[in-house]
Amino acid sequence: MRRTLEDELVEALRDTHNTLLVVGSGVSVGATEGKAAVASWKGLIDDGIAYCVDQRLAKEDWVALTRAQLNSGEVDHVLFAAEAVRLKLGASERSGQYTKWLRRSVGELKLVKRDVVDHLVAFGVPLATTNYDDLLEEATGLPPITWRNGPGVEEFLRGRRPAILHLHGHWDDPESVILGLTDYFKIVHERGAQALQSAAAASRTLVFVGCGEGLEDPNLGALLKSVLELFKSSTQPHYLLVRNGEVEGLESRYPPTGKLRVVGYGADYTALGPFLGQLSARCRSSPR
């Protein structure tokens with residue numbers, strides 16, 4: 001019998017020592033039922049603009065220009081908007097305003113709808129995230145670890161340090177948060193961080209969930225592109241879970257014959273929980 005993509009994915013998820021689940025902002029948005037705009041990258045930037053206004057740090061022309069960049073739909077322009085916010089809040093000077101804003105925005109996110117997160121935890125596979133929040137920590141009781149802690153990340157990848165790996169930082173460590181242009185430049189040129197990320201992708205099967213938009217960012221997108229290029233001859237594929245309507249477009253970018261398998265989970269985000277539940281049930285019914 002010919003194996004399907006789902007069969008391959010189940011086999012990967014059963015191999016808990018050699019697979020890494022990479023959780024994106026789509027999961028945080030769903031877990032807060034879309035009620036907390038700061039669960040998404042663009043929503044957080046918009047909140048930062050509003051915070052600058054509330055704190056009387058920004059003039060009308062700055063607000064208009066930054067919002068126009070944010071709403072342009074171009075990733076480069078959104079990065080400029082994010083950089084404007086982090087500079088206005090004094091991130092470069094380790095300002096208390098930047099720390100306070102992160103704490104009162106993304107730091108206050110709480111799990112509202114648990115189904116997707118609980119299914120992800122049930123696989124028993126190590127969890128990494130591009131999100132800055134504590135939602136996975138709330139679900140698992142595990143501590144966060146960020147890309148800045150090289151030795152800790154190495155221990156995590158070796159299975160010796162149970163934690164949630166934050167690839168783009170965690171709100172409680174403001175210097176680790178990858179928000180704007182300066183931050184992306186920093187992590188892309190941080191040789192230790194890039195080496196660890198590449199090692200993770202080279203040694204493990206990556207399963208991306210809720211990361212559709214994240215594939216456009218300068219760190220995750222560039223990392224995936226380089227890994228797929230460097231390991232062309234590898235027999236180990238990675239998996240990207242997306243809505244059915246996104247499959248065709250992504251397969252044009254990542255052909256099915258390549259190392260990234262695009263898997264449709266349903267018509268919209270509400271189908272992700274049941275889809276993961278079915279995968280989890282199959283994993284439990286199969287010998288490990």
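User: Before we look at the rings, what does buried mean here?

Analyst: A residue is called buried under 20% relative accessible area, exposed over 50% and partly exposed in between, with a 1.4 Å probe and protein chains only. This is a predicted model, in which local features need pLDDT of at least 70 and side-chain atom pairs count only at pLDDT 80 or more, while totals for chains, interfaces and linings use all residues. Residues are numbered from 1 along each chain as its sequence is written, and side-chain values use heavy atoms, leaving out hydrogens and water. Of the 288 residues of the protein chain, 48% count as buried.

User: How many aromatic pairs does a search of the whole structure find?

Analyst: Rings of Phe, Tyr and Trp (its six-membered ring) pair if their centres lie within 6.5 Å, and planes under 30 degrees apart count as stacked, over 60 as edge-to-face and the rest as tilted. Two such pairs are found here. W41 and Y184 are edge-to-face, 6.4 Å centre to centre with 80° between the planes. This pair links distant parts of the chain, 143 residues apart, with W41 in helix 3 (residues 41-54) and Y184 in helix 10 (residues 181-188); helices are DSSP runs of H or I, at least four residues, numbered from the N terminus. Y184 is buried, at 5% relative accessible area.

User: Which kind of pair do Y98 and W101 form?

Analyst: Their ring centres are 6.0 Å apart and their planes lie at 40°, so the pair is tilted. Y98 and W101 are three residues apart in helix 6 (residues 96-104), and therefore about one helical turn separates them. Y98 counts as buried at 4% relative accessibility, and W101 does so at 0%.

Terms used
Helices (H or I, at least four residues) and strands (E, at least two) are DSSP runs, numbered from the N terminus.
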